[in-house]
Amino acid sequence: MKHTTLGDLDVSRIGLGTMGMSFGYTGAGSDDAESVRTIHRALELGVTFLDTAEIYGPYANEELVGRALEGRRDEVVLATKFGMISHADGGPGHLDSSPANIRTAVEGSLRRLGTEHIDRYYQHRVDPGTPIEDTAGALAELVQQGKIRHIGLSEAGPETIRRAHAVHPVTAVQSEYSLWTRDVEERVLPVLRELGIGFVPYSPLGHGFLTGQIRSPEQFDDSDWRKTNPRFTGENFQRNLRLADEVQDIATEVGATPA
């Protein structure tokens, strides 16, 4: 397994995002024992970077990761996210990156993950109701207190990244990036290179599509967000299927799986 650094954190270049084990996809939450085995197998293969969030479940995924890492916490760089649950008013699905909400959120994540510190704490989505400077300031306080080691942003634009980084170093930005999702190349990646901020691509397999295992929208149950997502419906699905088949052809040529 090759490694790289995000800030001063040494991480495996391939990380494991655990969202789909508890949330968002068909079958999520149906076999926690298999999910724990998957996490353990990833560790055996050299993965040292795990990613979760309080909204996944909500809460269930952090609890799952916490159970899987019992007695093995020191083997991984552990990342989670806040900001898509308002703990004061609104609950899940309400953006809230106010300092008070962050202080509540981090305590819950630490408890569920069974850890004394979070290696990287991401703002899950930019909160238009809270200046990013206030959010970054609250996160800087958590770094000083030892509750988190590094701060990150998810799906943030160039100006938000610059403003947050001016308050406290941002060591990673996480956004969707894959063979079929290239949005960050034009404006975000140049800023990250300029500022020396790492990039963590999520859904590198196109939410499962690039694996070649998804052949029909009928494979999704009603709990699966892909069932109504434009990429996975109608003519878009058929066009994307042809792209996935191209990936399959290349994989066959080199004797690999599409993933």
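This report walks through strands, cores, a buried serine and aromatic rings in a predicted model.

## Two parallel strands

Start with strands S10 and S11. S10 covers residues 170-176, and five bridges join it to S11. The two strands run parallel. One bridge pairs Ala172 with Gly198 in S11. Between the strands, the chain passes through helix H6, residues 184-195. This β-α-β crossover is right-handed.

Now look along S11, residues 198-202. Its side chains alternate. Gly198, Val200 and Tyr202 point to one face and are buried. Phe199 and Pro201 point to the other face and are not buried.

## The nonpolar cores

In soluble globular proteins, nonpolar side chains tend to be buried together. Here, the largest nonpolar core has 42 residues. Six of them touch the most other members: Leu50, Tyr121, Leu139, Ile148, Leu153 and Ile161.

Take Ile148 as a case. Leaving aside neighbours within four places in sequence, Ile148 is in contact with Val106, Ile118, Tyr121, Leu139, Leu142 and Val143. Another core, of ten residues, lies apart from the largest one. Its members include Phe232, Phe237, Ala244 and Val247.

## A buried serine

Find Ser109 in helix H3, residues 99-113. Is Ser109 buried or exposed? Its relative accessible area is 0%, so Ser109 counts as buried.

Which side chain makes a polar contact with the side chain of Ser109? That partner is Glu62, at 2.8 Å. Ser109 also touches Glu54, Thr80, Ile118 and Tyr121, with residues up to four places away in sequence not counted.

## Aromatic rings

The structure holds ten aromatic pairs. One of them joins Trp180 and Phe209. A pair of aromatic rings is described by the distance of the centres and the angle of the planes. For Trp180 and Phe209, the centres are 5.1 Å apart and the planes differ by 25°. The cut-off for stacking is under 30 degrees, so this pair counts as stacked.

The pair links distant parts of the chain, 29 residues apart. Trp180 sits in the loop between S10 and H6. Phe209 sits in the loop between S11 and helix H7, residues 234-254. Why does Trp180 count as buried? Buried means under 20% relative accessible area, and Trp180 has 18%. Phe209 is buried too, with a relative accessible area of 0%.

Both rings belong to a cluster linked by ring pairs. The cluster consists of Tyr25, Trp180, Phe209, Phe220, Trp225, Phe232 and Phe237. Among these, Phe232 and Phe237 also belong to the core of ten residues.

Key
Residues are numbered from 1 along each chain as its sequence is written. This is a predicted model: local features need pLDDT of at least 70, side-chain atom pairs count only at pLDDT 80 or more; totals for chains, interfaces and linings use all residues. Side-chain values use heavy atoms; hydrogens and water are left out. Buried means under 20% relative accessible area, exposed over 50%, partly exposed in between (1.4 Å probe, protein chains only). Helices (H or I, at least four residues) and strands (E, at least two) are DSSP runs, numbered from the N terminus. Two strands pair if DSSP finds at least two bridges between them. A crossover is right-handed if, with the strands pointing away from the viewer, the path from the first strand over the helix to the second runs clockwise. A nonpolar core is a set of buried Ala, Val, Leu, Ile, Met, Phe, Trp, Tyr and Cys residues joined through side-chain atoms within 4.5 Å. Contact means heavy atoms within 4.5 Å. A polar contact is a pair of N or O atoms within 3.5 Å; within protein, one must be able to donate a hydrogen and the other to accept it, and residues adjacent in sequence count only if both atoms are side-chain atoms. Rings of Phe, Tyr and Trp (its six-membered ring) pair if their centres lie within 6.5 Å; planes under 30 degrees apart count as stacked, over 60 as edge-to-face and the rest as tilted.
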